[in-house]
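Dear colleague,

Please find below the structure that I am handing over to you. My findings follow directly after it.

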Amino acid sequence: MKESLRKIAALSVAALLIIISSVPAFSYVAKYKEDYYRLYHIHHQQLPDDCIENIYWLELAVKADFANPYYAMTKIEDESQWEKYRCLFMMHVNLKLIEQHLRLGRIYDKQVAYFYDAPWKDEYQRNLEKAKTCYEACYTYWEEAKLWAEKASVSKFNFMYLTGLQNWEDERERVSTGKLNYKRTLDRELERVQKVLDDLIEMNGKTY
């Protein structure tokens, strides 16, 4: 576990260095969760730097304060709506962090180890270790997403729907009912990655 945490920390440091060197200056100062979330965006063809940039903005969104309800992502009319909005926001951002880590991991992933991959097995192994680190990081975000989905689903919010955030409400429902279960996905992907790694490790000059 400590080794995994060190890998994740190293990835975060690398992400920070890339962002500092490559992200252009913006004409306004991001301060609140909503500001950082608006900097998150999906590229048509996402490269590693694109994923890392999005992870950076989303991590800042998690840590920042909420803006005044007047500037929320949807119309807020009372304190109960404001409370549910905050829960939905945190759930949604953690789900997006999972998505971005999965996207980043799949860039380095290799679905199958073929017998003729032996000459490049060291490089494939390094990339698969990066993929593993990305996938393992998702477990923490998934626990957070489930927690916030649970908070947004308590009885006092029954029959209260933030219609301006219907996709977030849909996510909450899918998490609450188990239709969306990233743990199952992560368990499956990590088991497969380990199998590919084991196959690569067993390769030698006589396998091709």
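The notes below concern the nonpolar cores and the aromatic rings.

This is a predicted model, in which local features need pLDDT of at least 70 and side-chain atom pairs count only at pLDDT 80 or more, while totals for chains, interfaces and linings use all residues. Residues are numbered from 1 along each chain as its sequence is written, and side-chain values use heavy atoms, with hydrogens and water left out.

The largest nonpolar core (buried Ala, Val, Leu, Ile, Met, Phe, Trp, Tyr and Cys residues joined through side-chain atoms within 4.5 Å; buried means under 20% relative accessible area with a 1.4 Å probe, protein chains only) comprises 49 residues. Y85, F89, L95 and I98 have the most contacts inside it. Among the elements that give two or more residues to this core are α3 (48-63) and α6 (166-177), helices being DSSP runs of H or I, at least four residues, numbered from the N terminus. The most comes from α4, with 13 residues.

The whole structure holds 16 aromatic pairs, that is, rings of Phe, Tyr and Trp (its six-membered ring) with centres within 6.5 Å, edge-to-face if the planes are over 60 degrees apart. F66 and F89 form an edge-to-face pair, 5.3 Å centre to centre with 75° between the planes. F66 lies in the loop between α3 and α4, 23 residues from F89. F89 also pairs edge-to-face with W168, at 5.8 Å and 75°. Because F89 lies in helix α4 and W168 in helix α6, this pair ties together parts 79 residues apart in sequence.

Yours sincerely

Note on methods:
Buried means under 20% relative accessible area, exposed over 50%, partly exposed in between (1.4 Å probe, protein chains only). Rings of Phe, Tyr and Trp (its six-membered ring) pair if their centres lie within 6.5 Å; planes under 30 degrees apart count as stacked, over 60 as edge-to-face and the rest as tilted.
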